[in-house]
Amino acid sequence: MKTLYMIRHAKSSWEFDLSDEKRPLNQRGLSDADLIGKELRTLVKPIDLILCSPAVRAHNTAKIILDHLDVSNDIFSLEPDLYDFSGHSVVEVIKNCKDQINTLMIFGHNHALTSIANLYGNERIDNLPTAGVVGIEFDVNSWKNIKVGKNLLIIFPKSLR
């Protein structure tokens, strides 16, 4: 059994003249990431590996959410291929995870995460909003073999405010 949690970065700021990859979170993003972290604390399975886009907004979202979860820094790493908006590279990252990893959490971007959630989940979503989370369980032993799984959770910050 494999479980995938996908989290879109929280709302970012356009206030500063920065490259896309360096944009920070805005105030709503900071607060939504905190809300999601508190909510996930009792909902997620023990996590084996956490991968995050190197974009500042994704990395900051991960730090805030992971502060609420009982995880070791040893299982966290930045993954450049998650800075992807189409989803092709993200799917490759997921499918290339070692089979010893049973629960994977990734922090990334749209439209990639919405596309993947609809490709592999059994519940369709129109859009994964900023700081939104989708959890999908797959009845397989290898990440290479994932096909449509069962949605375990779909959480949007708006429903927690």
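Buried here means under 20% relative accessible area. The legends below describe a predicted model.

**View 1. The buried residues of helix 4 in the predicted model.** Helix 4 covers residues 112-120. Its buried residues are Ala112, Leu113, Thr114, Ile116, Ala117 and Tyr120.

**View 2. The surroundings of the buried residues of helix 4.** The cover over these residues includes one helix, helix 3 (88-95). Strand 1 (2-8), strand 4 (103-108) and strand 5 (133-138) are also among the elements that cover the buried residues of helix 4.

**View 3. Order of helices and strands in the protein chain.** The protein chain contains four helices and six strands. Along the sequence, these elements follow the pattern β-α-β-α-β-α-β-α-β-β. The radius of gyration of the protein chain is 14 Å, close to the 15 Å that the globule rule gives for 161 residues, so the chain is as compact as a globular protein of that length. The C-alpha trace spans about 45 × 35 × 30 Å along its principal axes.

**View 4. Burial and contacts in the protein chain.** Of the 161 residues in the protein chain, 50% are buried. Among contacts with a separation of 6 or more, 75% are made by residues 24 or more positions apart.

**View 5. Surface and charges of the protein chain.** The protein chain exposes about 8,100 Å², of which carbon and sulfur atoms supply 49%. The protein chain carries 19 positive and 20 negative charges. The mean positions of these two sets of charges are 3 Å apart.

How values were computed
Residues are numbered from 1 along each chain as its sequence is written. This is a predicted model: local features need pLDDT of at least 70, side-chain atom pairs count only at pLDDT 80 or more; totals for chains, interfaces and linings use all residues. Side-chain values use heavy atoms; hydrogens and water are left out. Buried means under 20% relative accessible area, exposed over 50%, partly exposed in between (1.4 Å probe, protein chains only). Helices (H or I, at least four residues) and strands (E, at least two) are DSSP runs, numbered from the N terminus. Contact means heavy atoms within 4.5 Å. The radius of gyration is taken over C-alpha atoms; the globule rule is 2.2 Å times the number of residues to the power 0.38. Accessible areas come from the Shrake-Rupley method with a 1.4 Å probe; for residues, only the protein chains shown count as cover. Lys and Arg count as positive and Asp and Glu as negative; His and the chain ends are not counted. The place of a charge is taken as NZ of Lys, CZ of Arg, CG of Asp or CD of Glu.
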